[in-house]
Amino acid sequence: MGGLLLIAPGLIWLERRLLAVWQDRYGPNRAGPLGVLVVLADTLKLFFKEDWIPPFADKKVFVLAPAIVVITVLMSFVIVPFSPGFIVVDLNIGLLFFLAMSSMGAYSIILGGWASNNKYSLLGAMRGAAQMISYEVFMGLSLMGVVLITGSFSLHDIVEAQRNMWFVVPQFLGFVIFLIAGIAETHRLPFDIPEAESELIAGFHSEYSGMKFGMFFVGEYIGIMLISCMVTCLFFGGWLGPAFLPPIVWFVLKMFAFIALFILLRASLPRPRYDQLMEFGWKILLPLSLLNVMITAGIILWNENPL
Amino acid sequence: MEATLDPTEKLKQRFGNETFTSQRAKDDIVTLWLPLEKIKEVLWYLKNEIDRPYILLFDLSAIDERSRNREYGYPSDNFTILYHLFSFDRNSFIRLKVALKGEFPTVPSITNLWANANWYEREVFDMFGIRFEGHPHLKRLLMPESWQGNPLRKEHPARATEMGPFRLFDEKQDREQSALQFRPEEWGLQTSSDDSDFMFLNIGPQHPGTHGVLRIILQLDGEDIVDAVPDIGFHHRGAEKMAERQSWHTYIPYTDRVDYLGGVNNNLAYLLAVEKLAGIELPERANVIRVMMCEFFRIASHLVWYGTFAQDIGQLSPVFYMFNDREKIFDIVAAVCGGRMHPNWFRIGGVAQDLPRGWDKLVKDFIDYFPKRLKEYDAMVMKNSIFKARTVGIGIFTKAEAIEWGVTGPGLRACGYDWDFRKKQPYSGYDKFDFDVPIAHNGDCYDRAVVRVEEMRQSLRIIEQCWKYMPEGDYKADHPLTTPPVKKHTMQDIETLITHFLGVSWGPVIPAGEAMSCIEATKGANSYYAISDGNTSPYRVRVRTPSFPHMQMLPYISKGYTVADMLSILGAMDYVLADIDR
């Protein structure tokens, strides 16, 4: 867990450097080699900032909200198999646990926006709640294909089942839907509608500063890592790979490829409108994911007892 | 041709000979004085009944005449209210003036004739204390509610040093803050409907989406906009007042800062008016240099708009690429002018210096470089499907609505009307250049973007022609009022030497008269109406900026859309706060 908390700031640095490369500028390059220490400086700054709670805020909830996001995301990592044997607990309901935890994450946005007692935050929270709850549905459904093929909710089993073929091939539709839903879950651009800087000025966390803001910030980055880990496990064979590299290295490589993809998306795509996102979800993703489950189930049934 | 354009005869037939008094203006715009009782009828007639009507209320302002060095027989000695109308069918302006009596006169409001009269009348009320009878919301527009006096009246001080030191006591701060509090009932806005309570969301004056100190109060039903109230004036610096105490020459840098993205376009609008007053004809080279620089600034301004528009929609990267390209333009601008955003480079009767050696290579490099980039941006921004989803069909207005609200420039052209003052009323030799006026047909945010992107290509074409056919010759006119005069013209005899000395020390004395210029600036029709009473500084300068009426239209075009759409609408409007508030 400590490792995760260390990687998260590293990601912030990585994102800033990568964005800079794609945007024809330098990015942080002064503090330390290649600017890596800029994260340290930022963290120190956040720590030493005044721990300000606006007088009009609902104090208890205001403090609770940022904790929720970090806790739920970190809890989800419990079930991620980084390599054979390197896993905290191999729950037999692993996937369900992940879905449950990411649903809980929605609370942090709702409560944070609500407790701030600020109109922008409220709008952000409202958008966030609607977005996360809707995309939760497709996220769960898109994984059902994988679960059907494997016959297990345990991530370890799911990875093992990909020895012959990564699930991205038979479950390509599921993969695409999961990826989209994952971006929406982590509310990253292009789906950063609850924050929408140019409209809502950071939305649900407008009023947050200091380390409480830091928690939201770190939570977001661990969230990206989590979704990348999940994509890797579910569709890209987890730690599996040619033997010249140890399994953990394969896992990390794949994970970083997805993190880079997330950052690239942020660098390149504009943000759809809130109702367009909803429409896209309910009118396109939902039927598609249902179709995916049906076809997968049909094929499995066919294979088990052909007429 | 001119005679058929002149509506004076028709007006006299209709309203009687004695109603109108003509005034000769230096800019050949028909200028008529008429009595206060007749003004509404005449305006109505000009808008609705006359053939080829004057459908655009181009500008509405006032003049404080009390300390003017009047010519004999000048009909006004207190205040004058001033209407500029424009007829697209005639392609000509008409200027109507009404002499007002008394210290704080009252004028009938024309808000029921033209929708865009609303803000113009509020501005006049704010600046001159002239009241408008029948105006729905006669409140201050640019100055804070608590301001004492009316800035453009001659007795109002023009400098802080004339007003005593500024102090902010606690009570004063509280008073000012409560004056800024938004009270929906003052604007006739409901706080709830039958089935929901409305939320009033205060956007700005500090908000990343407003691109400057603009405040908008939104009446929201959920996320849907019921109504909006823009609150402007945070960027007001009194550019018109400053003109009254600067010399004709030293006012030029202030114009740079009106539309601060438009650079020399502002210089040009002001100087065209001054040159009309002084009767200066420019040598060809000076004109071509001016055109070239104006087009560079048009591209630079559109690039800023392009990038920030994409950013408003959530696309983070394009703005960096576009600012890089703008930097390339600024390299050229810096090589030519020395300055960047505020080049302050045009002079009365020409430009400050000749082009530097090697300018042609810089310009050529840019001409070769830029089209590829535009193509790339098309793929990145204009063809992006999310971008389209956010802009197509958003913030639509029709050509008729645009004219009613005083929209000019790309906003008007996006409604399918190919009106460009560079083509229709060519100035500075634009008629010698070969370029197209891009138009689009739906009048939504996307079409406004399409028009601007194509305009950059056309500007580049103009620049290329400037580069190819740059004429030899002087960069400044050989005229006594050219400021500062070219040295070699001043060393001939005592007369030229004295003129030079006076022009440089006092500033030039521009002959009495009135003239208006109208140019196609980066954001629409920009015009300076300069009045000289034969002095070293203008008696009054009226700056008509395009962004002002555009912003006024915001509530009208954003009703029924969502908060996110409003950002698209604002982005597509391409305004600059300094251009609105002046």
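The following conversation explains how terms are applied to this structure.

Visitor: How do you know which features and residues to trust and how to name them?

Guide: This is a predicted model, in which local features need pLDDT of at least 70 and side-chain atom pairs count only at pLDDT 80 or more, while totals for chains, interfaces and linings use all residues. Residues are numbered from 1 along each chain as its sequence is written, chains are lettered from A and ligands numbered from 1 in the order in which they are written, and side-chain values use heavy atoms, with hydrogens and water left out.

Visitor: Why is Gln276(A) called buried?

Guide: Buried means under 20% relative accessible area, exposed means over 50%, and partly exposed lies in between, with a 1.4 Å probe and protein chains only. Gln276(A) has a relative accessible area of 18%, so the residue counts as buried. Gln276(A) is placed in helix α11 of chain A; helices (H or I, at least four residues) and strands (E, at least two) are DSSP runs, numbered from the N terminus.

Visitor: What makes His137(B) partly exposed?

Guide: The relative accessibility of His137(B) is 23%, so this residue counts as partly exposed. His137(B) lies in the loop between β7 (131–133) and α5 (170–180) of chain B.

Visitor: Why is Ile580(B) called buried?

Guide: The relative accessible area of Ile580(B) is 0%, and therefore the residue is buried. Its place is in helix α22 (residues 577–581) of chain B.

Visitor: Which residues does Ile580(B) touch?

Guide: Contact means heavy atoms within 4.5 Å. Not counting residues up to four places away in sequence, Ile580(B) touches Ile232(B), Thr545(B), Ser547(B), Phe548(B), Met551(B) and Tyr575(B). By the same kind of count, His137(B) is in contact with Arg122(B), Glu186(B), Trp187(B) and Gly188(B), leaving aside neighbours within four places in sequence.

Visitor: What makes Arg273(A) and Asp565(B) a salt bridge?

Guide: A salt bridge is a side-chain nitrogen of Lys or Arg within 4 Å of a carboxyl oxygen of Asp or Glu. The closest N and O atoms of Arg273(A) and Asp565(B) are 2.7 Å apart, so the pair meets that limit. The count between chain A and chain B is one salt bridge.

Visitor: What polar contacts does the side chain of Gln276(A) make?

Guide: A polar contact is a pair of N or O atoms within 3.5 Å; within protein, one must be able to donate a hydrogen and the other to accept it, and residues adjacent in sequence count only if both atoms are side-chain atoms. The side chain of Gln276(A) reaches the backbone nitrogen of Arg273(A) at 2.8 Å, and the backbone oxygen of Ala389(B) at 2.8 Å. Between chain A and chain B, ten residue pairs are in polar contact, both residues being at pLDDT 80 or more.

Visitor: How many residues does each chain give to the contact, and what area is buried?

Guide: Chain A gives 24 residues and chain B gives 34 residues. Buried area is the accessible area (1.4 Å probe) that two parts lose on being put together, summed over both. For chain A and chain B this is about 2,500 Å², with carbon and sulfur atoms giving 57%.

Visitor: What makes strands β8 and β9 of chain B a pair?

Guide: Two strands pair if DSSP finds at least two bridges between them. Five bridges join β8(B) (residues 199–203) to β9(B), so these antiparallel strands satisfy the definition. Phe200(B) has Gln219(B) as its bridge partner in β9(B). Strand β10(B) (residues 224–231) also pairs with β9(B), in the antiparallel sense over seven bridges, and Ile216(B) stands opposite Pro230(B).

Visitor: Why is β9(B) described as largely enclosed?

Guide: Six of the seven residues of β9(B) (residues 215–221) are buried, so the strand is largely enclosed by the rest of the structure.

Visitor: How do you know which strands pair with β5(B)?

Guide: Strand β2(B) (residues 30–33) pairs with β5(B) in the parallel sense over four bridges, and β4(B) (residues 79–87) pairs with β5(B) in the antiparallel sense over nine. The strand β5(B) (residues 92–100) is mostly covered, with eight of its nine residues buried. Four residues separate β4(B) and β5(B) in a hairpin, and Asn91(B) in the turn has a positive phi of about 55°.
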